[in-house]
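Thanks for coming. I will take one structure today and go through some local points before the overall picture.

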Amino acid sequence: MKHPKREEWVPFVFGEAEPEQRQQLEEHLKQCAECSAEVSKWQKSLRRMDAWQVPPRQKVRRSGAQPLAWAAAAVLMLGIGLAAGQWSMASTRASMRMEMSRLESQMTELKKQTAVQTRTAPADHAFAETMKELQTTLANMATEREEDRQHLIAMIEELSTKHEEGLVSLRKDLETVASHADDELQAARSRLTELSSVGSTASRLVEGE
Amino acid sequence: VSLAYNNIEDYNRTVDEIGRRMAKNVIAGLVSLFTITDEQAMWRVQTQNDHQAFDILVERWQERIRALCIRMTGNLHTAEDLLQETFSRVFEKRAAFRGDSKFSTWLWRIALNLCYDELRRQQRHPAAHEEQMEAVLRVHGIDSMTPRGHVQQLEEAELVREALMQLAENYRSVLVLRHYEGLKLREIAQVLEIPEGTVNSRMAEALSQLTRILEPQIKSGPRNQSRSANKPRELFAL
């Protein structure tokens with residue numbers, strides 16, 4: 001088996017290998033116990049390196065009201081710093097510290113300002129407004145839908161009532177027509193009877209002559 | 001309607017998340033409006049001898065340069081001196097900085113060269129170096145109040161420190177810059193002014209040597225071999 005060169009594993013171990021190269025090396029690792037062991041040893045050494053942490057720069061520690069004293073010192077130094085005006089070129093440690101504390105307080109102030117600005121920023125406000133409107137619209141939509149349904153039911157009921165009424169009136173009309181027809185039939189029959197009696201009387205008169 | 005409400009709550013959460021991200025971006029944007037880049041600050045130092053701009057650079061970089069010097073020399077006091085010297089050198093050589101490269105690359109190079117000089121000086125005068133080694137334990141911040149568990153961790157830290165100090169400085173520097181300072185291999189090549197391939201081969205050698213140095217200690221335990229010789233190897237496997 002052809003093993004990759006030792007230095008080819010370096011970008012792989014540090015997660016900087018190109019995707020294609022990484023894939024090839026991963027494939028090789030699956031098949032090659034030798035390379036796999038070597039690479040995992042490297043990784044183990046790197047993890048062990050994390051044990052060595054650099055301590056932060058030592059600060060002077062005093063008991064009791066340390067933060068207060070610190071704040072007072074900072075204010076004092078700030079005052080002196082402002083009064084001193086222009087910065088001296090020598091950049092002694094003390095003056096550097098003063099400038100640093102001034103910059104730090106400025107940064108804190110700036111951060112506060114930006115935080116406040118952001119809190120009242122139009123973005124958040126707009127989101128809140130949009131959400132409120134959305135909820136109102138939804139509630140309105142639900143109410144409107146309910147109203148529509150009621151309207152529809154009323155209309156259907158009305159229509160069915162009208163339909164029934166129509167049917168009733170139609171029946172009445174039909175009955176009227178039928179009764180009228182019946183009456184006319186009766187009249188015609190009586191007229192026919194009348195005519196036949198008139199006819200028979202006439203024939204009897206003719207026979208009598 | 002209740003179904004719609006569930007969706008609304010999900011939507012609300014998403015909107016909140018987007019809002020938070022937007023707010024973060026806005027803050028970052030605002031801050032970047034008020035901050036200058038390293039290169040801009042260095043340009044001011046070069047052209048106007050702007051001490052305020054110089055102080056900004058010192059504040060931004062002093063912790064990382066200090067850490068580099070501690071890891072390269074293994075000594076806290078020496079590192080403090082080297083830190084001061086690095087920034088003095090930056091101001092002194094301000095005219096030599098070319099705007100076509102990153103300030104950080106130039107700064108790492110100056111600090112690293114000063115570390116190399118110091119290490120060579122220590123090799124020439126080992127006695128003076130021995131005196132300074134008293135400060136070594138303080139590299140890990142050990143004092144009488146340190147809890148026992150922490151002490152064990154610090155012993156491991158000391159093992160690592162000693163192992164790194166055994167490496168040749170050109171191997172140590174690539175490891176320190178990549179692992180502790182998080183520079184990309186390409187950036188290390190720029191700092192050291194060598195091809196990236198050379199960085200890779202140096203790194204491979206550095207890792208192999210470091211592994212060889214640390215390995216027996218995994219088997220036998222830190223410092224006291226007789227104390228830990230009977231313990232199974234797994235106890236020390238990290």
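N49(B) sits in the loop between α2, residues 38-48, and α3 of chain B. This is a predicted model, so please hear everything that follows as computed from it. The backbone at N49(B) has a positive phi of about 50°, although the residue is not a glycine. Is N49(B) buried or exposed? Neither, in fact: with a relative accessible area of 37%, N49(B) is partly exposed.

There is another residue to put beside that one. E193(B) is placed in the loop between α9 and α10 of chain B. E193(B) is not a glycine either, and its phi is positive, about 55°. Its relative accessibility is 59%, and because the cut-off for exposed is over 50%, E193(B) counts as exposed.

Now a residue from a helix. E205(B) belongs to helix α10 of chain B. Why does E205(B) count as buried? Its relative accessibility is 19%, and buried means under 20%, so E205(B) falls on the buried side of that cut-off. What does E205(B) touch, once neighbours within four places in sequence are set aside? The contacts are R6(A), Y171(B) and R212(B). R6(A) in that list belongs to chain A, which brings me to the interface.

On the interface, 63 residues of chain B are in contact with 46 residues of chain A. The two chains bury about 5,200 Å² between them, and 66% of that area is on carbon and sulfur atoms. How many salt bridges cross the interface of chain B and chain A? The rule finds five. One salt bridge pairs E215(B) with K41(A), where the closest N and O atoms are 3.3 Å apart. Polar contacts between chain B and chain A come to 16 residue pairs, with both residues at pLDDT 80 or more.

Which elements of chain B give two or more residues to the side that touches chain A? They are α1 (2-34), α3 (51-73), α4 (76-92), α7 (148-166), α8 (169-180), α9 (185-192) and α10 (196-220). Sorted by class, that side of chain B has 35 nonpolar, 14 polar and 14 charged residues.

Next, the chains one by one, starting with chain B. Chain B has eleven helices and zero strands. Of its 238 residues, 45% count as buried. Take the contacts in chain B between residues at least 6 apart in sequence: 62% of them join residues at least 24 apart. The accessible surface of chain B is about 12,800 Å², and carbon and sulfur atoms hold 50% of it.

Chain A, then. Here there are six helices, again with zero strands. Chain A has 209 residues, and buried ones make up 18% of them. For contacts in chain A between residues at least 6 apart in sequence, the share that joins residues at least 24 apart is 47%. The accessible surface of chain A comes to about 16,400 Å², with 58% belonging to carbon and sulfur atoms.

To recap the local points: N49(B) and E193(B) are non-glycine residues with positive phi, and E205(B) in helix α10 contacts R6(A) of the other chain. That is what I have; questions are welcome.

Terms used
Residues numbered from 1 in each chain as written. Chains lettered and ligands numbered in written order. Predicted model: local features only at pLDDT ≥ 70, side-chain atom pairs only at ≥ 80, totals over all residues. Heavy atoms only, no water. Helix = DSSP H or I, 4+ residues; strand = E, 2+ residues; numbered from the N terminus. Buried < 20%, exposed > 50% of the residue type's maximum accessible area, 1.4 Å probe, protein only. Contact = heavy atoms within 4.5 Å. Areas by Shrake-Rupley, 256 points an atom, 1.4 Å probe, with all protein chains shown as cover. Buried area = accessible area lost by both parts, 1.4 Å probe. Salt bridge = Lys/Arg side-chain N within 4 Å of Asp/Glu carboxyl O. Polar contact = N/O pair within 3.5 Å; in protein donor to acceptor, adjacent residues only side chain to side chain. Nonpolar A, V, L, I, M, F, W, Y, C, P; charged D, E, K, R; others polar.
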